[in-house]
Amino acid sequence: MVSRTHYQLKQHHKFEQDDQKYVADLETGDIVEINDVEWEILSRYASQTRHQIVEGLKEEHKLTSIFDGIERLERLGQQGILLSPIVEAAELMTSDRKPKLLVPFHFTKEKSALDYLTNVNRYQFLTHLAEFAELETLAFPEEKKENVQDFDKVQVRNIEDSKNSALVSPWYALDGYDGILLLSQFTTDDLLYYGVPDVPIVHCIEGAQQLQHVLLKTLLTLGAFQSSKDTLVVKASWMKAWLAELGVPVENVQVIPDGIDVVEPINDKALAKQHTAAIFDKPMFTKQPVVGLISGFEPNRGVAWISEFARANPHLAIFVYDAMLVGVRSPNPYHPPENVVIFSADDDETRAILPVFFQALDLVCFPAMPGTPLSVVLEAMASGVSCVAMTKYEIPPEVVGAGIAVEADWDNFGNFHVSMAKLSETINKWLQPSDARAQCEDFAKEVAQRYTRKNAAQTLIHVFEEGFQRRTSDFRTARALFPPIFCRRYEPDTGTLRSSVYRLGTNRYDSLEDALAEVLAEGHTPAEVASVFKHFQRKHSTPVCEITRAGNGFPDNNKETNPAG
Amino acid sequence: MIDFPKTLHQLHFFQEDGVPYAADLDKARVVELSAAMLDILRLAETQTDDAIIETLSASYEADDISEAFERFAELEKEGLLFNRGEDLQRSLETESKWRKLLVVIPGIDVDSFFDIETLSAGTNMALAHMIQHLTQYADLHFTGSRNRKIADGVYEVDIGIEDLVRLRSKIAETYYGILTLHQEHERWLLPLYRYPEFPPILVQNHAPRGHGGHAINSMLRHYAAMRDYDGFTAPSDYVRDFYSQYVWDPSFFNTLPNGVDATLFKPMEKMVAKKEIAAEVGDERIEEVPTVGYLSRVQSEKGASVYLKLAELNPDLIFLIAGPNLGRYASRKLPDNLVYIGFHPRERLPLIYNAFDVYCFMSMSGEETFGLTVLEAMACGVPPVVSNFDGVPSVVADAGLVADAENFDRDIATLVSYPCPVDFSEKINMLLNNTEMWQILSQAARNRAVSFTWDKTANRIVRIFEELHRKKKLVNPNRLLNVFAPTQPVEREAEQGLKYRSLVLSMNERYERCLMRDSVYPLSVEDGVALSILKNHTTREAETILADLVADETEARATLKRVRGLIDGTA
């Protein structure tokens, strides 16, 4: 989706004669008859946004008349009359005040759908973000109060204007926001916001322990909706690597790991192991090396893999963090092998005890795949635990220097493959005391402490600023100098028809594919246009980026309005 | 000198940044003025050149005034500021009927439509008849370069082709429709379709093919570019059906049969007619021997070569040729029974037709759509024998005989059919040897011809415009928003890589919820392409694209129908 073309008012003169209103374009010499609404719109066009114009006139005029008027004037602009297209000057988000972000969010719905830790992270994230930005959400009369009012860091803007009841919530996003922060994992709720031009959108997506193709479908869809001002934020580097591997453009994908809470360590691993052993009633935690497994597996596959891993390493005490295999929301009949305990933080109490378990670990192991919560890995590492990353890419940058990688593979349908022998060998070797491990453990503390909630919030603000800068490239200024007419062409020598395109102005037939790409690029991103051509397995000779960014190709007004030309 | 006083256009004077301007509301153009020009315009309607110069000489240098006069001369040439021709305002106010049509036929002198003798091509003649009768139903304003009254309800107005786009709002306010003629090389009309403001545009189409495919291609371009409320006329159902085979929406073609002046073209005493022609050409055989007639240009395309064969095959009959000249056939040795009877003015044509016992029409041209001369002959009670191709048999129906023809699967060098001389010969002899049949067909021909009146043609044009206005009311803008997205295939199709789809939002460009729930709905890429194209392009253009992208035409048509339904249903 690309933004609409923006226009600026040219030098003009409005006048009335014989009860009829007119406006004269002093540059082209055109005179256009206008109605009362268009007269008013022109008075505001130079200084107000589309939103302000509509809001300012809606008391006196029907919404449809106002929109009709704006559309008519902008259609004239397309023809070079009264308005000229602009590439809006890049400007910084105002530095003398906090940026104002719209956070459209069904708090209650989301809270009940996501796991406890994700909710905590989100709450903390917004809390810290509120230090750097003014956050506002929308409340509509038909919504239940609790949907929007259970978070005091986000101001609630009540929408009670019946005049605008015909308009959907993204309309209000046009009203002075510097950005839109989308947090919902129910992506269809938020996709409409991508219809809002000019305002940078940052969409934060959690990894989820599900079949990856479901998540992938969501990400691919989001990617299609994004324009260059928008950013998809993922929580771990492997999410981005995964998208790149699939050939999805990742220019607008940013990795911002959730910040973590680093608690004061008790600095006594033996004591931590004793606590862990006592809590789970598993003496093995004091007798055997303790390995943490932060699971991101799809639950059914996870059960099988954890069992295999445990059986392959009976000498290890394995602490598994898996939000799907334990917890009140999803009671699971899985009974793991004796050397395994499975845990997840489901409330404040279990959350509070989690650091004790992490301090009992000798090593933390995790699959670098979309369902794995990086923040949990980092929290475990923050207490000085090095890691073994099972990854199909490089060792994740987030843990570089604080662990080692084992080659793994996974697909989008939940299947995860790693050489169990190699993994076991690596883990067992790594559990032996060594300088390398000691260095990694020291570095693990530093690495983890880099990922603070404050840093995450600041990074997000920076992403908005970058999006704000990039939005200029979304302003579509190029239109074909010679508009195409798609028409069939009769071949007299064969008596057959074929589809073609005829250019006004040059009065010549032209390449259908190129013209189609050009026309699609008027309303779609280059990636979208490429999707269409890939679907049809067709090619066009002009790169889409050139079509969309061809500069101001507006025709000379006189030529354009001279049909005889 | 510019010859003041002059009637000014409706002007509005204003200043912007100290510069005076005149807004010419009749031409929708702003003209920058000098101070001297502004003062001259204030005096322009009441004073002569000399008086103006004298009045302003105290305020301006002579050069300034002279320069202003020169500039005015240029502007007048461009049609600006000053009324060119008559002041029509009063005439239009008192005489005009409520419906006005703007007639745009560049390249043909408007006066010729009211002086039919100056026209030679059948197409232009038909147009002239139609225009004359159309004045009974609407005022006709011909685009031109001056204002003048041509006849009651017929005016030339100072609107040039180059003014049309600029004046579209005014044209929309003033005119019920725009009537024009399809001319394959014209380029001014295509851009007009891009402006929704224009009233319905009706394009008279006469030649369905020929010219190496140029006519069809031109028609296809217009068909693609036309708005939903524009249309073509086709002179016969045959032509309408002919065009329909190239397009998905044949409703753009409206049959508009020609008419005949049945008071001019009527049966008369045949022997009197023959005698007069015989005397004129000095060939008494015309009075004594049955005659077969041919009235057209004497060219291959019109079947002249076949007609010669016909004469050779029937030495006992007299074959009369009426036309401007014999062309290349003049240098040939013609059969003895072939008599060239010359070119005759229109008022003499009834006499010519009446001198024929049978009228023979054997055009092979791809441009033959109706056969106006056939209808004129029939109105004179002359039974026709025509070739079985294109639109002519549908004009004749059962009031004449239709001879076999070898119709080609496609044009070849402007020819589309070869009339069968043997069958023509048999049909002609059948008619001439059977008096009863001749009399029945003669009466039937007259009866059928009189049912084709120019009044019906003119009335039908108005009805077509009414229909186009109804269609205009049904037009909906496409404000839907959609995207194209790759999507992950299901596991069993994973090998094939990413698939693609389109998604349409439940919110439209105006932030209205046009579909239930805040959501998106999946569409096929084909649907999405049609939806995207239909934002700034016509349904016919989407037809072109789908015809190319979708192999199965039935599915392509279904796609277009679906997407149009979505747009209209959510408008």
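Select Asp281(A) to begin: this residue counts as exposed because 8 C-beta neighbours lie inside 10 Å, where exposed stands for 12 or fewer other C-beta atoms within 10 Å of a residue's own, buried for 20 or more and partly exposed for what lies in between, with C-beta atoms placed from the backbone. The structure is a predicted model, in which local features need pLDDT of at least 70 and side-chain atom pairs count only at pLDDT 80 or more, while totals for chains, interfaces and linings use all residues. Residues are numbered from 1 along each chain as its sequence is written, and chains are lettered from A and ligands numbered from 1 in the order in which they are written.

**Loops with positive phi in chain A**

Staying on Asp281(A), note that its phi is near 55 degrees, a positive value in a residue other than glycine, and that Asp281(A) sits in the loop between helix 9 (269–280) and helix 10 (284–287) of chain A. Helices here are DSSP runs of H or I with at least four residues, and strands are DSSP runs of E with at least two, both numbered from the N terminus.

Move next to Asn507(A), which is not a glycine either but has a positive phi of about 55 degrees; this residue is found in the loop between strand 21 (496–503) and strand 22 (508–510) of chain A. Asn507(A) counts as partly exposed because it has 13 C-beta neighbours inside 10 Å.

**Chain A as a whole**

Now colour all of chain A by secondary structure, which comes to 20 helices and 22 strands. Of the 565 residues in chain A, 47% are buried. Among the contacts in chain A with a separation of 6 or more, 64% join residues 24 or more positions apart, a contact being a pair of residues whose C-beta atoms, placed from the backbone, lie within 7 Å.

For a view by domain, select domain 1 (7–85), domain 2 (100–259 + 459–467), domain 3 (269–451) and domain 4 (484–549) of chain A, with bounds that come from an automatic or database domain assignment. The C-alpha centres of domain 1 and domain 2 of chain A are 35 Å apart, and 5 residues of domain 1 of chain A are in contact with 4 residues of domain 2 of chain A. On the domain 1 side, the touching residues divide into 1 nonpolar, 2 polar and 2 charged, where Ala, Val, Leu, Ile, Met, Phe, Trp, Tyr, Cys and Pro count as nonpolar, Asp, Glu, Lys and Arg as charged, and the others, Gly among them, as polar.

**Two hairpins in chain A**

Select strand 2 (residues 12–17) and strand 3 (residues 20–25) of chain A, which pair in the antiparallel sense over 6 bridges; strands are said to pair if DSSP finds at least two bridges between them. Within this pair, His13(A) has Ala24(A) of strand 3 as its bridge partner, and in the hairpin, with 2 residues between the strands, Asp18(A) takes a positive phi near 50 degrees.

Extend the selection to strand 4 (residues 31–34) of chain A, with which strand 3 of chain A pairs in the antiparallel sense over 4 bridges. Here Ala24(A) stands opposite Ile31(A), and the hairpin has 5 residues between its strands, with Gly29(A) in the turn at a positive phi of about 85 degrees.

**Helix 8 of chain A**

Go on to helix 8 (residues 237–245) of chain A, whose buried residues include Trp238(A), Met239(A) and Trp242(A). Among the elements that cover the buried residues of this helix are helix 7 (212–225), strand 11 (231–234), strand 12 (253–255) and strand 17 (387–391) of chain A. Just after helix 8 of chain A, Gly247(A) takes a positive phi of about 85 degrees.

**Across to chain B**

Show both chains: 64 residues of chain B are in contact with 62 residues of chain A, and those on the chain B side divide into 34 nonpolar, 13 polar and 17 charged.

In chain B, select strands 20, 21 and 22, which form an open sheet in the order 20-21-22 with antiparallel pairing. Strand 20 (482–487) and strand 22 (520–523) of chain B stand at the edges with a single partner strand each, so one side of each has no neighbour in the sheet. Strand 20 and strand 21 (residues 499–505) of chain B pair over 6 bridges, and Phe484(B) stands opposite Ser502(B) in strand 21 of chain B.

Finally, add helix 18 (residues 526–535) of chain A, which lies across strand 20 and strand 21 of chain B and runs at about 60 degrees to strand 20 of chain B; angles run from 0 to 180 degrees between N-to-C directions, with axes fitted to C-alpha atoms, for helices over the stretch in contact. Helix 19 (residues 525–536) of chain B lies across strand 20, strand 21 and strand 22 of chain B, at about 45 degrees to strand 21 of chain B.

Methods. Two residues are in contact if their C-beta atoms, placed from the backbone, lie within 7 Å.
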